[in-house]
Amino acid sequence: MFARRIFCTLLACLFFMVLALPAWAVKEKEEGTSGGLETTAESAVLMEAHSGRVLWSKNPDKELPMASVTKIMTLLLAVEAVEQGQVSLKDRVVASENAWEMGGSQIYLEPGEEFSLEEMLIAVAVGSANDASVAVAEHILGSEEAFVEAMNRRAKELGLKHTHFVNCTGLPAPGHYTSAYDMAVILRECLKYPLFRRISSIYEYDLRGGKFKLWNTNKLLKWYEGVDAGKTGWTNEAKYCLASSAVRDGLRLIVVVLGTPEPKSHFRESIKLYKYGFARYKAVNIYPAGARVKSIPVSKGVVDRVDVVAREQVTVVTPKGEDRGLSTHLELPASVTAPVKKGQQLGFCIVKKNGQELLRVPLVARYEVKKASLMQQIKKVFFRQHSIG
């Protein structure tokens with residue numbers, strides 16, 4: 001009788017364990033993919049900017065209208081044109097009738113009105129001005145059509161598969177779409193340029209000698225600590241959209257939300273993703289960009305050694321509490337032969353965790369080392385031998 005009671009008890013326990021298992025398994029799966037995070041955005045991405053790794057996403061490749069978030073690509077082409085010397089921030093940009101005809105957000109350009117390229121870019125970044133966007137596009141490549149072609153070429157260069165531009169403003173148009181992931185990649189590229197970061201972080205700006213005030217549509221610049229870049233967007237078709245970036249304790253995150261339903265929801269949903277990211281991840285900063293990591297001998301040069309620096313920031317993003325086991329290895333030649341150009345790649349800084357490679361950052365020459373003349377080389381050998389003797 002006692003044995004029968006034990007058997008029945010064990011059988012009942014087994015029965016309840018089997019019933020509980022599917023619910024437990026489903027819960028574990030949900031936590032593994034979303035960590036309990038939910039968003040009303042139709043498409044959303046949380047990316048760490050250092051490597052471009054996606055930390056969380058929802059429908060990251062869903063193709064959706066993006067409204068004025070489009071202007072992030074407009075600004076990318078503009079700041080790259082400035083960086084490459086094709087145009088200057090001091091250029092005078094003249095508004096055309098085509099720019100004047102733009103509706104939506106604008107600074108009410110009159111045909112023939114002039115602003116510097118810098119002020120036009122500020123109007124785009126801060127005031128989301130459609131007329132200024134078209135004026136910038138026409139100034140750089142002659143027409144909005146040519147500029148849009150360049151926008152699509154740049155998207156392909158970045159490897160984007162779910163983005164297509166029809167205009168440089170984001171005004172509704174068939175075939176004009178992006179995805180949260182693609183826009184995060186575009187914003188990550190923009191963040192490489194100090195000019196973009198500077199104009200994107202301006203909260204208010206006086207135009208026309210103070211007669212016209214611009215207020216940044218990205219309210220997270222004031223509402224959430226660390227946000228320093230981004231662009232909002234809204235149309236009936238796109239709903240509320242925002243691509244933005246924030247940095248805390250060396251960790252830079254990018255958040256893109258597309259298609260949130262009601263006013264201010266794009267800010268709320270973005271903050272939700274930022275809180276998730278900053279609570280769970282940390283940046284292990286090994287070398288800042290441009291930091292000297294070593295010097296190596298130079299043969300046949302006017303100097304005997306050259307400093308080696310990190311071409312970009314050497315940072316690894318890990319879940320909090322999982323940063324142990326990291327090691328850094330410098331992959332460099334024993335020496336180099338002159339001439340050495342400034343910025344010439346000489347090797348790599350490799351970061352590993354428990355023997356597995358996580359990151360590989362190029363190491364470059366800090367300055368130029370010219371090849372020594374025959375007489376200079378003879379003198380160096382003579383003085384070296386003399387000092388030894």
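User: In which loop is Asn354 found?

Analyst: In this predicted model, Asn354 belongs to the loop between strand 16 and strand 17 (356–365).

User: What is the phi of Asn354, and is the residue buried or exposed?

Analyst: Asn354 has a positive phi of about 50°, although it is not a glycine. With a relative accessibility of 64%, Asn354 counts as exposed, because the cut-off for that class is over 50%.

User: Where is Ala67, and what is its phi?

Analyst: Ala67 lies in the loop between strand 2 (54–58) and helix 2. Its phi is near 55°, a positive value in a residue other than glycine. Ala67 has a relative accessible area of 2% and is therefore buried. A positive phi is also found at Gly85, which follows helix 2 and has a value near 80°.

User: How many helices and strands does the protein have, and how much of it is buried?

Analyst: The protein contains 11 helices and 17 strands. Of its 389 residues, 46% count as buried. One may also ask how far apart in sequence the touching residues are. Among contacts between residues at least 6 apart in sequence, 63% join residues at least 24 apart.

User: How should one describe two packed helices?

Analyst: Two packed helices are described by the angle between their axes and the distance between the axes. Consider helix 4 (residues 117–127) and helix 5 (residues 130–141): their axes come within 8 Å and cross at roughly 135°. Helix 4 and helix 5 are therefore oblique to each other. The crossing in which helix 4 passes helix 5 is left-handed.

User: Which residues make the contact between helix 4 and helix 5?

Analyst: Helix 4 contributes Leu117, Met120, Leu121, Ala123 and Val124, while helix 5 contributes Ala132, Ser133, Ala135 and Val136. Sorted by character, the residues of this contact comprise eight nonpolar, one polar and no charged.

User: At what angle do helix 2 and helix 6 pack?

Analyst: Helix 2 (residues 71–83) and helix 6 (residues 144–157) pack at an angle of about 95°, and their axes are 10 Å apart. Angles of 65 to 115 degrees count as roughly perpendicular, so this description applies to helix 2 and helix 6. From helix 2 the contact involves Met73, Thr74, Leu76, Leu77 and Glu80; from helix 6 it involves Phe147, Ala150, Met151, Arg154 and Ala155. These residues divide into seven nonpolar, one polar and two charged.

User: How does helix 2 pack with helix 5?

Analyst: Here the angle is about 35° and the axes are 11 Å apart. Helix 2 passes helix 5 in a left-handed crossing. Lys71, Ala78 and Ala81 of helix 2 meet Asn130, Ser133, Val136 and Ile140 of helix 5. In this contact there are four nonpolar residues, two polar and one charged.

User: How many residues of helix 2 are buried, and what span should the helix have?

Analyst: Of the 13 residues in helix 2, 12 are buried, so the helix is largely enclosed by the rest of the structure. The buried residues include Lys71, Thr74 and Glu80. As for span, at 1.5 Å a residue the 13 residues should cover 18 Å, and the end C-alpha atoms are 18 Å apart, which agrees.

User: What does the corresponding calculation give for helix 10?

Analyst: The 16 residues of helix 10 should span 22 Å at 1.5 Å a residue; the end C-alpha atoms are 23 Å apart, which agrees. Among the buried residues of helix 10 are His266, Phe267, Tyr274 and Phe278.

User: What surrounds Ser270, and is it buried or exposed?

Analyst: Ser270 lies in helix 10 (residues 265–280). Its relative accessible area is 0%, so Ser270 is buried. Not counting residues up to four places away in sequence, Ser270 touches Leu220, Leu242, Val255 and Val257.

User: Which residues does Thr337 contact, and how accessible is it?

Analyst: Thr337 is in strand 15 (residues 336–337). Leaving aside neighbours within four places in sequence, Thr337 is in contact with Ser299 and Lys300. Its relative accessibility is 48%, so Thr337 counts as partly exposed.

User: Which two residues are joined by a cis peptide bond?

Analyst: The cis bond joins Ala338 and Pro339, with omega about 5°. Pro339 is located in the loop between strand 15 and strand 16 (345–353).

Methods
Residues numbered from 1 in each chain as written. Predicted model: local features only at pLDDT ≥ 70, side-chain atom pairs only at ≥ 80, totals over all residues. Heavy atoms only, no water. Axes fitted to C-alpha atoms, helices over the stretch in contact; angles between N-to-C directions. Helix = DSSP H or I, 4+ residues; strand = E, 2+ residues; numbered from the N terminus. Parallel < 35°, antiparallel > 145°, perpendicular 65-115°, else oblique. Left-handed = near helix turned anticlockwise from the far one by under 90°. Contact = heavy atoms within 4.5 Å. Nonpolar A, V, L, I, M, F, W, Y, C, P; charged D, E, K, R; others polar. Expected span 1.5 Å × (residues − 1). Buried < 20%, exposed > 50% of the residue type's maximum accessible area, 1.4 Å probe, protein only.
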